[in-house]
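Here's a relaxed walk through one protein chain and its metal site. Have the viewer open and follow along.

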Amino acid sequence: MHSQDTELSFVCLGTGRGATTVYSGEPSSAIALRVGTRCVLLVDIGFGVVRACRQWLGEIPDTILVTHNHSDHAAELPVVLAAEAGASRRLRVAAEPRVGSVLKQHRLHELNSTGEPLTAFCDWIDTPVDERWSVTPRLSLRLLRARHSEPCFGFVAYDDAQPILAYGGDSAVDPGYYDQLFVAPNVILDARATGNDEHADFDAVADYVAAHPANRVWITGYGRPDQAPQDMTPIFPGDVVTLSQRAS
Ligand SMILES: [Zn+2]
């Protein structure tokens, strides 16, 4: 058992999808992982997420995992790296190497005009798929390939050796992928009212979830709050969820 000042939790920072922030202002899908009150990881930094960090966390975490290069997951990265470096702070950015390559070449192209190398702005961490990455001595992540229109990676997070939280990232319905995520007792999945080749729909996810009653599952990526699912458990910006192992 961990005492309250070391318990693991996540904070929901946003649930927006591709166009949500641009057209409506609500923040894009993102969470922060916390150990006690300390934020140890920001997962995705799309449109609107920096303001959500300031609102709900009071800070931008030192380490950022970027699941993929879509704007609702990565758009604010170049601005934040430049602004924080200007304040003498170097963030850590983690991504699967294929995602990292796209981010460096395209998303972060605007940093070239500074004449400074990327190493002047951040410490880059390659996090290959299926390899354990230690975020802290206690918390580690293993990335998994999602089913999406471009390379995108969810993860299973481990508290010491125990799976504690899975995050699906953007993905179409994929039982094989979900099977890997559902080793964790707590799961966050992308879903929306109407799915397509790269995003799951509520009904298909609900069917999978119904067959796995031992897992606690939250839905993100649905868009604005009024687009949240009625018959599932959506998360909303500002929600704080304490993570526990399966009830015995
Ligand atoms: Zn995407």
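How many residues lie between S2 and S3 in their hairpin, and which residue in the turn has a positive phi? There are two residues between the strands, and Gly-36 is the one in the turn, with a phi of about 65°. One thing to keep in mind as you read on: this is a predicted model.

**The hairpin and its sheet**

S2 and S3 pair in the antiparallel sense over five bridges. Val-35 stands opposite Arg-38 in S3. On its other pairing, S2 (residues 30–35) runs antiparallel to strand S1 (residues 8–14), and six bridges join the two. Here Gly-14 stands opposite Ala-30 in S2.

These strands belong to an open sheet of seven, ordered S6-S5-S4-S3-S2-S1-S13, with mixed pairing. Strand S6 (122–126) and strand S13 (240–242) sit at the edges with a single partner strand each, so one side of each has no neighbour in the sheet. From one strand to the next, the twist averages 25°.

S2 itself is mostly covered, with six of its six residues buried. Side chains in a regular strand alternate between the two faces of the sheet. In S2, Ala-30, Ala-32 and Arg-34 point one way, while Ile-31, Leu-33 and Val-35 point the other way, and all are buried. Note that Arg-34 is in that buried set too.

**A helix on the sheet**

Helix H2 (residues 49–56) packs on this sheet, where it touches S1, S2 and strand S3 (38–43). The direction of H2 makes about 130° with that of S1. Ala-52 is a residue of helix H2. Is Ala-52 buried or exposed? Its relative accessibility is 3%, and buried means under 20%, so Ala-52 counts as buried. Setting aside neighbours within four places in sequence, Ala-52 is in contact with Leu-13, Pro-27 and Leu-57. If you want a distance to check in the viewer, the C-alpha atoms of Ala-52 and Leu-165 are separated by 21 Å, with the two residues 113 apart along the chain.

**The cores**

The largest nonpolar core has 57 residues, and those touching the most other members are Phe-10, Leu-13, Ile-31, Leu-41, Leu-65, Leu-81 and Leu-165. Take Leu-65: not counting residues up to four places away in sequence, its contacts include Leu-41, Val-43, Asp-44, Trp-133 and Phe-155. There is also a second, separate core of 23 residues, with Phe-182, Val-187, Leu-189 and Phe-202 among them.

**The other sheet**

Six strands make up another open sheet, in the order S7-S8-S9-S10-S11-S12 and again with mixed pairing. Its edge strands, strand S7 (132–134) and strand S12 (216–220), each pair on one side only. The twist from one strand to the next averages 25°. Within this sheet, S10 and strand S11 (residues 186–190) pair in the parallel sense over three bridges. Leu-165 stands opposite Asn-186 in S11.

**Two backbone oddities**

A pair of aspartates is worth a look on your phi/psi plot. Neither Asp-44 nor Asp-160 is a glycine, and here is how they line up:

| Residue | Phi | Location | Relative accessible area |
|---|---|---|---|
| Asp-44 | about 80° | loop between S3 and H2 | 0%, buried |
| Asp-160 | about 55° | loop between S9 and S10 | 46%, partly exposed |

**The zinc site**

Which residues supply the protein donors of the zinc ion? They are His-68 (NE2), His-70 (ND1), His-148 (NE2) and Asp-170 (OD), lying 2.1 to 2.3 Å from the ion. Along the sequence, the donor residues are spaced H-x1-H-x77-H-x21-D. His-148 is in the loop between strand S8 (139–145) and strand S9 (153–159), and Asp-170 is in the loop between strand S10 (162–167) and helix H6 (175–181), so this pair ties together parts 22 residues apart in sequence. Both His-148 and Asp-170 are buried.

Why is the arrangement irregular? The four donor atoms subtend angles of 94 to 163° around the zinc ion. To count as tetrahedral, all angles would have to lie between 85 and 135 degrees, so the upper end of that range rules it out.

Notes. Residues numbered from 1 in each chain as written. Predicted model: local features only at pLDDT ≥ 70, side-chain atom pairs only at ≥ 80, totals over all residues. Heavy atoms only, no water. Donors = N, O, S within 2.8 Å, 3.2 Å for Na, K, Ca; no water. Tetrahedral: all angles 85-135°; square planar, octahedral: opposite > 155°, others 65-115°. Helix = DSSP H or I, 4+ residues; strand = E, 2+ residues; numbered from the N terminus. Buried < 20%, exposed > 50% of the residue type's maximum accessible area, 1.4 Å probe, protein only. Pairing = 2+ DSSP bridges. Axes fitted to C-alpha atoms, helices over the stretch in contact; angles between N-to-C directions. Contact = heavy atoms within 4.5 Å. Core = buried A, V, L, I, M, F, W, Y, C linked by side-chain atoms within 4.5 Å.
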